[in-house]
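Biologist: I've got a new model open and I'd like to learn how to read its features. Could you walk me through it?

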Amino acid sequence: MHIEYLREYIELAQCLNFTEAARRSCITQSALSKHLVSIEKEFGTELVARDRHSVELTQAGHALLQEALAICERWDDARRRVNKAAAIPMLRIGGLLQNPRVLWIVSSVLSSNDQGSVSITCTYNQTFSKPFIDLLRDKEVDLVFTYQDEDQEKKIGDEFVRTPIFDDPFVVVVDATHPLASQKNIHMEDLAEKTLVRLSGPYYSWGWEHIEAVCTRHGFQPKQRSVFTQPGLDYSLVNLQNDALLLSQSALTGQFFARTETHRCIPVSDEDAHFSICAVRRKDDPNAALKLFMSRIAKLSL
């Protein structure tokens, strides 16, 4: 059945006049009659009783009128939403997608189902072979989540817009026999003579740069031992030996470290001991999906 036939039927049912209903529907009276016959065949019953002097709806006709109004309203709503969605391009996201809290933010935005809301379709660039900002600069993504500090802000430059999202506090993970294991919290200075495990690989490079910058502000250059690991790997698989692993608090979510008695997870109490996570995009990017995504992030309770 054509939706327009139902619209024509609504006009006829409301004015009970074939000539007027045809005029309102911008069709001929004979076309209106033909379409009515098609609807009646569809339902297998008479909907309109007419003679030379009057036009009346049958009981079935009254029932169809109520349903037709609801169907056309839903159809119009569907068209509006489809048209809105058609104007929203696919959003390409890259960066710290292995961070559990970043993943929560992305999934919360994408699952937004407010009445009348437009869906955002995303693809994810999991490339770790180049700096995240270069992904933006080369227009391989529309948005990246990344670490940010004063030194790295210079790398971003004026061509991008940086939006702070949340601060992710440092925690230190050590073996239960480590000298720091008995402390309830530590200061960065406590790490000055300790060796830090550096997780190696492109994904971790900016994070380590920030750790070095925080250490420098506290008056020391960190001793380091590099361990290559894959993004998203359970950190319990990292061989700590007698060294300390400095992580973001959110990185411990669901990790074995949080549940085992063989390791200790100790918060770092210094005010600057955190990763600042931000969303970076190209300045004046006209992407409607990007604007909608960022507006929804602003409404989240972070």
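Modeller: Sure. Keep in mind that this is a predicted model. Let's start inside, with Phe293: leaving out residues up to four places away in sequence, it touches Leu91, Ile93, Val106, Val109, Leu110, Ile120, Leu143 and Phe145.

Biologist: How should I read a set of contacts like that?

Modeller: The general idea is that in soluble globular proteins, nonpolar side chains tend to be buried together. Here, the largest nonpolar core has 70 residues, and Phe293 is among those with the most contacts inside it, along with Phe145, Phe170, Met188 and Leu191.

Biologist: Which element gives the largest share of this core?

Modeller: That's strand 6, residues 160-175, with 8 residues. Apart from this core lies another one, of 21 residues, including Ile39, Leu47, Val55 and Ala68.

Biologist: You mentioned Met188. Where is it found?

Modeller: Met188 is in the loop between strand 6 and strand 7 (195-200).

Biologist: Is Met188 buried or exposed?

Modeller: Its relative accessible area is 0%, so Met188 counts as buried. Beyond its sequence neighbours up to four places away, Met188 touches Phe170, Val214, Cys215, His218, Phe220, Leu246, Val268, Asp270 and Ala273. Take Phe170 from that list: the C-alpha atoms of Met188 and Phe170 are 9.7 Å apart, with their positions 18 residues apart in sequence.

Biologist: Let's turn to the backbone. What do I make of phi values?

Modeller: Most residues other than glycine have a negative phi. Gln241 goes the other way, with a phi near 55°. You'll find Gln241 in the loop between strand 8 (223-228) and strand 9 (245-248).

Biologist: Why does Gln241 count as partly exposed?

Modeller: Because its relative accessibility is 44%, and partly exposed runs between the 20% limit for buried and the 50% limit for exposed.

Biologist: Which other residue should I look at for phi?

Modeller: Try Asp284, which has a positive phi of about 60° without being a glycine. Asp284 lies in the loop between strand 11 (274-282) and helix 9 (288-297). Its relative accessibility is 70%, so Asp284 counts as exposed.

Biologist: Going back to Gln241, what touches it?

Modeller: One contact comes from Arg225, whose partners, not counting residues up to four places away in sequence, are Thr195, Leu196, Val197, Arg198, Asn239, Leu240, Gln241 and Asp243. Arg225 itself is in strand 8.

Biologist: Which side chain makes a polar contact with the side chain of Arg225?

Modeller: That would be Asp243, at 2.5 Å.

Technical notes:
Residues are numbered from 1 along each chain as its sequence is written. This is a predicted model: local features need pLDDT of at least 70, side-chain atom pairs count only at pLDDT 80 or more; totals for chains, interfaces and linings use all residues. Side-chain values use heavy atoms; hydrogens and water are left out. A nonpolar core is a set of buried Ala, Val, Leu, Ile, Met, Phe, Trp, Tyr and Cys residues joined through side-chain atoms within 4.5 Å. Buried means under 20% relative accessible area, exposed over 50%, partly exposed in between (1.4 Å probe, protein chains only). Helices (H or I, at least four residues) and strands (E, at least two) are DSSP runs, numbered from the N terminus. Contact means heavy atoms within 4.5 Å. A polar contact is a pair of N or O atoms within 3.5 Å; within protein, one must be able to donate a hydrogen and the other to accept it, and residues adjacent in sequence count only if both atoms are side-chain atoms.
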